[in-house]
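Trainee: Got a minute to go through this one with me? I'd like to talk about its pocket and its charge pairs.

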Amino acid sequence: GAMGGHYYAYIKSFERERRWFKVDDVDIRPLTQEELDDMLGNAQQPASKSGARRNAYMLVYRRVDENRNVDCVADREIPTPYVDEIEREAVEYRRKKAEYIRSLDYVNLGLLVSGGGDDDRRTVEFHRANTTIRDVLAKAIELFAPQTSERNARLRVMDELKKLPAQPLEGEFVLGQTVAEMKWFDHTTLMLETKNDDQEFETWSPEQLDLHLVQLDRAADEYLPSVPISVPKDDATVATLRLAVAKKIKGSDDVDQAYVNRVKLVVISPESAIDLMENFRTLHSYRVVKGDTVHCELLDEGAHYAETKS
């Protein structure tokens with residue numbers, strides 16, 4: 001309609017061959033006779049229904065008058081300010097075209113590290129066809145964890161809506177894939193996860209419950225940056241989450257029950273803040289959902305925060 005959509009023009013050149021052209025932004029090309037007949041019709045056939053959708057909103061006519069018509073304006077007759085403006089626009093167009101052509105071969109990916117803040121995010125340009133996922137992993141390690149080996153690191157694609165990492169990029173087949181094969185677009189964000197030699201990465205499943213974990217640093221009396229944590233979605237209990245958090249805090253899978261019981265958990269949702277004390281209860285019963293934030297604190301030795309009785 002007149003208030004929206006994309007507009008273009010059919011213009012007849014009065015120079016040389018006097019052909020019709022389609023002028024559609026930067027796409028300017030001569031029309032074929034078939035296209036003209038389809039749009040305008042001819043003596044034998046009216047314009048087609050498909051051509052009718054391209055009928056003009058505005059027609060511009062020129063009087064046939066050899067004394068008044070000018071088929072071509074010499075460059076010297078164009079005012080200098082207009083020539084300068086056209087040249088500036090041409091320079092800008094060539095710059096943007098070069099950027100666009102380059103963008104077909106390159107992509108800008110966002111790289112984060114687990115436990116880092118938004119200020120730690122880095123945007124890195126990669127060649128789509130010549131860069132493998134292993135190359136991207138190596139770059140992330142170089143930026144965030146240069147002392148970490150590849151076997152203790154992995155990348156995960158970020159769920160931008162929930163601000164949580166989703167599927168990990170693991171295995172020789174995946175690491176050998178190119179960025180082009182992943183079909184990533186500009187500003188796709190990947191998060192680097194690292195672990196110690198005695199740890200295993202969390203097993204990821206589409207059916208798991210992904211949460212934000214924020215730990216209170218009691219010595220500094222401040223919260224540390226959020227890190228992701230996951231537990232099974234359907235049957236996870238508070239005890240399951242408490243154990244996972246204890247391993248995350250200690251940075252090791254080797255934790256005893258006394259250490260686990262010192263972990264205080266509070267789930268923060270838009271509606272409320274709830275202490276997760278009863279180990280036997282499911283997270284579902286506390287109405288914990290994907291994307292919720294869990295605040296945690298490690299209490300002093302000898303403390304026992306968890307309630308284990310049903």
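**Charge pairs and a pocket**

Mentor: Sure, and keep in mind that this is a predicted model. Let's start with glutamate 35, which is partly exposed at a relative accessible area of 28%.

Trainee: Which residue does glutamate 35 meet in a salt bridge?

Mentor: The N to O distance in that pair is 2.9 Å, and a salt bridge needs the nitrogen within 4 Å of the oxygen. The partner counts as partly exposed too, with 27% relative accessibility. The side chain that glutamate 35 meets is that of arginine 29.

Trainee: How far apart along the chain are arginine 134 and glutamate 172?

Mentor: Their side chains form a salt bridge, 2.9 Å from N to O. Arginine 134 belongs to helix 4 and glutamate 172 to helix 5, so the pair links distant parts of the chain. Their separation is 38 residues.

Trainee: Is glutamate 172 buried or exposed?

Mentor: Its relative accessibility is 60%. The cut-off for exposed is over 50%, so glutamate 172 counts as exposed.

Trainee: Which element gives the most residues to the lining of the second largest pocket?

Mentor: That pocket holds about 840 Å³ of space, and 34 residues line it. Strand 8, strand 9, strand 11 and helix 7 each give two or more residues to the lining. With six residues, the top contributor is helix 7.

Trainee: How many of the pocket's lining residues are charged?

Mentor: The lining includes 13 nonpolar and 12 polar residues. The charged ones number nine.

Technical notes
Residues numbered from 1 in each chain as written. Predicted model: local features only at pLDDT ≥ 70, side-chain atom pairs only at ≥ 80, totals over all residues. Heavy atoms only, no water. 1 Å grid on protein atoms, 1.4 Å probe; cavity = no way out; pocket = protein on both sides within 12 Å on 5 of 7 lines; lining within 4 Å. Points joined across faces, edges and corners; volume = space filled by probe spheres on them. Helix = DSSP H or I, 4+ residues; strand = E, 2+ residues; numbered from the N terminus. Nonpolar A, V, L, I, M, F, W, Y, C, P; charged D, E, K, R; others polar. Buried < 20%, exposed > 50% of the residue type's maximum accessible area, 1.4 Å probe, protein only.
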